[in-house]
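Q: Please take a close look at a single part of this structure, and explain how that part fits with what lies around it. I am new to the structure, so please give the meaning of each term as you go.

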Amino acid sequence: MIKLLFICFIFCTLNAFADEAYDSGTSKDIHSIYWLNKNQDGAIVYAKHHGFIELRNFIDTAILTSHQLKNSKFNTETAEQLLLMLPASKKWLVVYFNEDKISYNGKTYLVDSNTIKEITQMNIYRMNKGDLISSHLLNKAKKLFGSS
């Protein structure tokens, strides 16, 4: 009987954490970040360079340490959208942000607006340089990492 209770406890504990797709180890599994343009027909790709590290650390810090806003509605239609690619698990996570908030998995977090401005300027610079990938390549990346 004790074995059965122990097995049920372990199963319930693992199920309780199954919905949490982002934890303290997630950032090390992110190998690239796709910053979708407003039409979602292209993206700027960040991978293994300073911009990637800055963006990944910003997301990690925001989700893990920022103040979570309770009962806050976040408009994903007007927000910037990031796809975090995790090749080891063949999946991607979606993060949205606006001028002072970040949203992940239905939860909204308050973040520093100056940091948002800095990373947005970095992305605008990359767009102006012509680093935007096409919708064809974006869709190919989505298929490679699971659902689209």
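A: Accessible areas here come from the Shrake-Rupley method with a 1.4 Å probe, and for residues only the protein chains shown count as cover. By that method the protein exposes about 9400 Å², of which carbon and sulfur atoms supply 56%. This is a predicted model, in which local features need pLDDT of at least 70 and side-chain atom pairs count only at pLDDT 80 or more, while totals for chains, interfaces and linings use all residues. Residues are numbered from 1 along each chain as its sequence is written, and side-chain values use heavy atoms, with hydrogens and water left out.

The protein has five helices and eight strands, these being DSSP runs numbered from the N terminus (helices H or I, at least four residues; strands E, at least two). Along the chain they follow the order α-α-β-β-α-β-β-β-β-β-α-β-α, and the part chosen for the close look is helix α5, residues 135-144.

Helix α5 has L138, A141 and K142 as its buried residues, where buried means under 20% relative accessible area, exposed over 50%, and partly exposed in between (1.4 Å probe, protein chains only). Viewed down the axis of α5, these buried residues fall within an arc of 100° (taken from the directions from the helix axis to the C-beta atoms), so they line one face of the helix. The face turned away from that buried side carries H136, K140, K143 and L144, which are exposed. Just after α5, G146 adopts a positive phi of about 115°.

What covers the buried residues of α5 includes the strands β1 (32-36), β2 (42-46), β4 (80-86), β5 (91-97) and β8 (133-134), with contact meaning heavy atoms within 4.5 Å. Those strands belong to an open sheet of eight, ordered β3-β7-β6-β5-β4-β1-β2-β8 with antiparallel pairing, where two strands pair if DSSP finds at least two bridges between them. In this sheet β3 (68-69) and β8 stand at the edges with a single partner strand each, so one side of each has no neighbour in the sheet. The partner of β8 is β2, and the two run antiparallel, joined by two bridges; one bridge partner in β8 is I133, which faces A43.

The interior of the protein can be described next. A nonpolar core is a set of buried Ala, Val, Leu, Ile, Met, Phe, Trp, Tyr and Cys residues joined through side-chain atoms within 4.5 Å. In the largest such core, which holds 25 residues, I33, I59, L82, L84 and I102 touch the most other members. At least two residues of this core come from each of β1, β2, α3 (50-65), β4, β5, β6 (101-104) and α4 (113-129), and α3 gives the most, with six. A second, separate core of 10 residues includes L138 and A141, together with Y34 and A43, and L138 and A141 are among the buried residues of α5.

Strand β4, one of the strands covering α5, also holds Q81. Q81 counts as buried, at 10% relative accessibility, and, leaving out residues up to four places away in sequence, it touches Y34, W35, L36, Q40, V94, V95 and Y96. Across the protein as a whole, 36% of the 148 residues count as buried.
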